[in-house]
Amino acid sequence: QVQLVESGGGLVQPGGSLRLSCAASGRTFSPSAMGWFRQAPGKEREFVAAISWSGGRTYYADSVKGRFTISRENAKNMVYLQMNSLKPEDTAIYYCASGSVSNFPERYDSWGQGTQVTVSS
């Protein structure tokens, strides 16, 4: 399995930006797609964004399209989520995952521990 560690979360005001990072170790993650999911208190884990292993294809939830950007650097075993124009409803724990390109969490077989993002004034 791939070990994944997220970082970059924190408290930000509405309209602000954050960049989440996910560092991978263990077996190479290059052949795998990567995804970001989030889970707010009392809600199910939901898809945020995904990127193919080459980085040539990206997918976004409608709720974040135009505000969030997913990217990856395979040479550094890193994946990123740039989040702009943040809203209070973006508050959640954000998880990165490795697996097959999908908006279903069941298609991902490795998960990080999550990083908290709080959007509040």
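**View 1. Gly-56 sits in the loop between β5 and β6 (58–60).** Let's start in this predicted model with a single glycine. Is Gly-56 buried or exposed? Its relative accessible area comes to 64%, so Gly-56 counts as exposed, the cut-off being over 50%. Along the chain, 15 residues separate Gly-56 from Ser-71, and in space their C-alpha atoms are 9.5 Å apart. Ser-71 leads us on to the next view, where this residue stands opposite Tyr-80 in β8.

**View 2. Strand β8 (residues 78–83) pairs with β3 and with β7.** Six bridges link β8 to strand β3 (residues 18–26), and the two run antiparallel. Another antiparallel pairing, again of six bridges, joins β8 to strand β7 (residues 68–73). Tyr-80 is a handy landmark here: Ser-21 stands opposite this tyrosine, and so does Ser-71. Next along β8, Val-79 has Arg-72 opposite. Why is β8 described as largely enclosed by the rest of the structure? Five of its six residues are buried, which is the reason for that description.

**View 3. Four strands make an open sheet in the order β1-β3-β8-β7.** The pairing throughout this sheet is antiparallel. Which strands lie at the edges? They are β1 (2–7) and β7, each of which pairs on one side only. On average, neighbouring strands of the sheet are turned by 15 degrees against each other, with direction ignored.

**View 4. A hairpin connects β7 and β8.** Four residues lie between the two strands. If you look at backbone torsions, stop at Asn-77, which adopts a positive phi near 55 degrees in this hairpin.

**View 5. The largest nonpolar core holds 31 residues.** Which members touch the most others? Those are Trp-36, Val-48, Phe-68, Leu-81, Met-83 and Tyr-94. Elements giving two or more residues to the core are β1, β3, β4 (33–39), β5 (46–51), β7, β8, β9 (92–99) and β11 (115–119). Of these, β5 provides the largest share, with five residues. As a general point, nonpolar side chains in soluble globular proteins tend to be buried together.

**View 6. Tyr-94 has contacts from many parts of the sequence.** Leaving aside residues up to four places away in sequence, Tyr-94 touches, among others, Trp-36, Val-48, Phe-68, Leu-81 and Met-83. Its contacts also include Glu-6, Leu-20, Phe-37 and Arg-38. Further along the chain, Gly-114, Thr-115 and Val-117 touch Tyr-94 too.

Conventions
Residues numbered from 1 in each chain as written. Predicted model: local features only at pLDDT ≥ 70, side-chain atom pairs only at ≥ 80, totals over all residues. Heavy atoms only, no water. Buried < 20%, exposed > 50% of the residue type's maximum accessible area, 1.4 Å probe, protein only. Pairing = 2+ DSSP bridges. Axes fitted to C-alpha atoms, helices over the stretch in contact; angles between N-to-C directions. Core = buried A, V, L, I, M, F, W, Y, C linked by side-chain atoms within 4.5 Å. Contact = heavy atoms within 4.5 Å.
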